[in-house]
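User: Please take a close look at one strand in this model and its pairing partners. Then set that part against the rest of the chain.

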Amino acid sequence: MNKIINTNTQGCFFHADPQGRVYIGKGLKGDITISIYDPSGDVRDFKVKEPIAYSDILLFQQSADGYVFVYYESYEPKVKVFSEEGRVKSAFHLPSGVSCCLLDEKQNLWVGLSDEGIYDDANPSGQSVLCCTLDGQLKETHIDQQLSEIYAPVVDDCYALAEKDGLIYMLYYSYTVIVAFDETDVKRVWIVSDKDYSGVYDQLAISDDGFWISKDEHSLSLLPADVSMPVQEVKCCDQDGREFSIQQLKLISNAIYALSDSGIYKRDIRGGKTNE
């Protein structure tokens, strides 16, 4: 992996997007600054005014014309959409039990739910993934219904969401299952055969080699495209081949980012796992 940012990364919010921007949020509760590192070398700061800690932030990402901010405040998941100047354009609540979220290339916000949200009384249809516009309008989707119709495993817990070539991918529990879909239809389902690697995963990315998955934010594995094959554990090493300790991993559609004690490393996965 190549080191791209040399900075103190102790105790921070960490995110990256498909455009190569890296987001690092630091500070005390109610006084957090998110620094946005652009691939060009520019760095911009965004001040978070909400009375939250960095660990309460689910997503902060630049959108087509501003910023999308998803966070927990007093255990309630909320969304704020800002203009480029920092003006609030929209604000809305999300259902309880949000486990992950994804801003797609069409500027839709996809929200995955844990078992708490799926089986909540306020979610009588038992939806596991929601699609919202950035003004808070809920789009009609039927992913769970279609999974049922093709006798795929029921979603008990959405672990992670990813995007690749216009499709949304969801990694979920029952056992370990990956489903690809768009706003209207389920396209394909993969059921992982290697039961030794079933567990609670929290991130997903798609490459030509298969599915990159992360457990507990610091364990990286590659699930081959032929999911009947064994899962491969992957070590994170610097340019000299030395393995380094990982604080957090961030899996994006075209790269893997690793947060270490000494800075941030990147591994390009667009051309396969050997493209380091």
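Analyst: What follows starts from one strand and works outward.

The model is predicted. The strand chosen is strand 8, residues 76-83. How much of strand 8 is buried? Of its 8 residues, 6 are buried, so the rest of the structure largely encloses it. The cut-off behind that word is a relative accessible area under 20%.

Take the partner that precedes it in sequence. Strand 7 covers residues 66-73. It pairs with strand 8 in the antiparallel sense, over 8 bridges. One of the paired positions is Gly66, whose bridge partner in strand 8 is Ser83. The two strands form a hairpin, with 2 residues between them. Ser74 sits in that turn and has a positive phi of about 55 degrees. Most residues other than glycine have a negative phi.

Now the other partner. Strand 9 spans residues 88-93. Strand 8 and strand 9 run antiparallel, joined by 5 bridges. Val81 has Ser90 of strand 9 as its bridge partner. This pair is a hairpin too, with 4 residues between the strands. Gly86 lies in the turn, and its phi is positive, about 95 degrees. Strand 8 therefore pairs with strand 7 over 8 bridges and with strand 9 over 5 bridges, while 6 of its 8 residues are buried. In a regular strand the side chains alternate between the two faces of the sheet.

Strand 24 makes a useful parallel case. It holds residues 263-268, and 5 of its 6 residues are buried. Strand 23, residues 255-260, pairs with strand 24 in the antiparallel sense over 6 bridges. Ser260 has Gly263 as its bridge partner in strand 24. A hairpin of 2 residues connects strand 23 to strand 24. Strand 1, residues 2-5, also pairs with strand 24, antiparallel, over 3 bridges. There, Ile5 stands opposite Ile264.

Next, an open sheet. Its 4 strands come in the order 10-11-12-13, with antiparallel pairing. Strand 10 (98-103) and strand 13 (138-139) are the edge strands, each pairing on one side only. Strand 12, residues 129-132, runs antiparallel to strand 13, and 2 bridges join them. Cys132 is opposite Leu138 of strand 13.

Two loops carry a positive phi outside glycine. Gln107 has a phi near 70 degrees. It is found in the loop between strand 10 and strand 11 (109-113). Gln107 is partly exposed, with a relative accessible area of 24%. Asp165 has a positive phi of about 50 degrees. Its loop runs between strand 14 (157-164) and strand 15 (167-173). Is Asp165 buried or exposed? Asp165 is exposed, at a relative accessible area of 72%.

Two buried residues show the contacts made inside other strands. Val186 belongs to strand 17, residues 186-191. Its relative accessible area is 17%, so it counts as buried. Leaving out neighbours within four places in sequence, Val186 is in contact with Ile143, Gln146, Leu147, Ile150, Val179, Ala180 and Phe181. Its C-alpha atom is 9.1 Å from that of Asp144, which is 42 residues away along the chain.

Lys250 is in strand 22, residues 248-251. It is buried as well, at 15% relative accessible area. Not counting residues up to four places away, Lys250 touches Phe14, His15, Ala16, Gln203, Ala255, Ile256 and Tyr257.

Finally, the whole chain. It has 2 helices and 24 strands. Of its 276 residues, 53% count as buried. A compact globule with 276 residues would have a radius of gyration near 19 Å, and the chain agrees at 18 Å. The C-alpha atoms fill a box of roughly 50 × 45 × 30 Å along the principal axes. Among contacts between residues at least 6 apart in sequence, 40% join residues at least 24 apart. About 13,000 Å² is exposed, and carbon and sulfur atoms supply 45% of that. There are 25 positive and 44 negative side chains, and the centres of the two sets lie 6 Å apart.

Definitions and conventions: Residues are numbered from 1 along each chain as its sequence is written. This is a predicted model: local features need pLDDT of at least 70, side-chain atom pairs count only at pLDDT 80 or more; totals for chains, interfaces and linings use all residues. Side-chain values use heavy atoms; hydrogens and water are left out. The radius of gyration is taken over C-alpha atoms; the globule rule is 2.2 Å times the number of residues to the power 0.38. Buried means under 20% relative accessible area, exposed over 50%, partly exposed in between (1.4 Å probe, protein chains only). Contact means heavy atoms within 4.5 Å. Accessible areas come from the Shrake-Rupley method with a 1.4 Å probe; for residues, only the protein chains shown count as cover. Lys and Arg count as positive and Asp and Glu as negative; His and the chain ends are not counted. The place of a charge is taken as NZ of Lys, CZ of Arg, CG of Asp or CD of Glu. Two strands pair if DSSP finds at least two bridges between them.
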